[in-house]
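Here are my notes on the model you sent over, written as numbered points. Have the picture open and follow along as you read.

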Amino acid sequence: MSDPRRADARPWFREDPDGLLCTHVEGDLSVDAALALAAACRRINDSGRDVLMLCDSRHMGTVPAPTRKAMADGFRPVRFIAIAVFGASFTVRVISTLAIKSIQILNRQAYPVEFFETEAEARAWLAAQREVVGAGQRPVA
């Protein structure tokens with residue numbers, strides 16, 4: 001993945017020229033990192049766009065309970081189209097699935113989340129989700 005495009009962007013997330021919000025987490029996800037990511041998602045929404053997120057989880061650790069709560073609160077106003085996660089271990093897939101499902105339930109939102117082995121597979125799936133939205137449909141969670 002390329003360098004961040006915004007001067008105030010954290011090194012672990014950036015918006016690609018094609019509109020994907022790309023994240024890269026090494027180790028455990030902190031509350032501060034989750035809040036910064038939520039703020040980036042809200043900026044995308046404030047610009048009139050819904051969020052397509054690409055998550056590089058090859059080196060991700062855990063998502064502690066305080067971070068999950070911060071994510072649920074921070075993502076409450078965010079409109080997601082879809083989230084693609086690649087490179088996640090089995091443990092990270094389980095933890096991420098539980099965290100995402102709980103956030104969706106708490107925020108009364110449904111959007112598709114898929115796991116992939118490679119970044120190319122994840123990007124292709126997100127491109128297909130964008131086409132569904134472009135055709136006037138909503139992706140099915």
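1. Let's start with a single residue: Q104 is buried, at a relative accessible area of 7%. Buried here means under 20% relative accessible area, with exposed being over 50% and partly exposed in between, using a 1.4 Å probe on protein chains only. Q104 sits in helix α3. Leaving aside residues up to four places away in sequence, Q104 touches Q109, A110, Y111 and V113. A contact, by the way, means heavy atoms within 4.5 Å.

2. A word on what you're looking at. This is a predicted model, where local features need pLDDT of at least 70 and side-chain atom pairs count only at pLDDT 80 or more, while totals for chains, interfaces and linings use all residues. Residues are numbered from 1 along each chain as its sequence is written, and side-chain values use heavy atoms, with hydrogens and water left out.

3. How confident is the predictor? pLDDT is its confidence in each residue, from 0 to 100. The protein chain has a mean pLDDT of 83, and 87% of its residues reach 70 or more. Among the elements, strand β5 (residues 113-116) has the highest mean, 95, and α3 the lowest, 84. Over residues 1-11, though, the pLDDT is below 50, even though this stretch has 22 contacts in the model beyond near neighbours in sequence. Where pLDDT is low, the predicted coordinates should not be read in detail.

4. Now the overall layout. You should find four helices and five strands in the protein chain, and reading along the sequence gives the pattern β-β-α-β-α-β-α-β-α. Helices (H or I, at least four residues) and strands (E, at least two) are DSSP runs, numbered from the N terminus. Of the 141 residues, 44% are buried. Among contacts with a separation of 6 or more, 74% join residues 24 or more positions apart.

5. Look next at helices α1 (residues 31-46) and α2 (residues 65-74), whose axes come within 9 Å and cross at roughly 15 degrees. That makes α1 roughly parallel to α2. Angles under 35 degrees count as roughly parallel, over 145 as roughly antiparallel, 65 to 115 as roughly perpendicular and the rest as oblique. The axes are lines fitted to C-alpha atoms, for helices over the stretch in contact, and angles run from 0 to 180 degrees between N-to-C directions.

6. Who does the touching in this pair? V31, A34, L35, A38 and R42 on the α1 side meet P66, T67, A70, M71 and G74 on the α2 side. Sorted by type, the residues of this contact are seven nonpolar, two polar and one charged. For that sorting, Ala, Val, Leu, Ile, Met, Phe, Trp, Tyr, Cys and Pro count as nonpolar, Asp, Glu, Lys and Arg as charged, and the others, Gly among them, as polar.

7. Zoom in on G74 of helix α2. With 8% relative accessibility, G74 counts as buried. G74 touches A38 and R42, not counting residues up to four places away in sequence. The C-alpha atoms of G74 and A38 are separated by 5.2 Å, although the two are 36 residues apart along the chain.

8. Helix α2 has another partner. The axes of α2 and α3 come within 9 Å and cross at roughly 40 degrees, which makes α2 oblique to α3. R68, M71 and A72 of α2 make the contact with A99, I103, L106 and N107 of α3. Those residues divide into five nonpolar, one polar and one charged. In α2, T67, A70, M71, A72 and G74 are buried, and what covers the buried residues of α2 includes both α1 and α3 (90-107).

9. Don't skip the loops. L29 lies in the one between β2 (20-27) and α1, and L29 is buried, with a relative accessible area of 7%. Beyond residues up to four places away in sequence, L29 touches A34, T62, V63, P64, T67 and M71. L29 and G61 are 32 residues apart in sequence but 7.1 Å apart in space, C-alpha to C-alpha.

10. Last one: G19, in the loop between β1 (13-15) and β2. G19 counts as buried at 17% relative accessibility. G19 touches R49, L52 and R130, not counting residues up to four places away in sequence.

Terms used:
pLDDT is the predictor's confidence in each residue, from 0 to 100.
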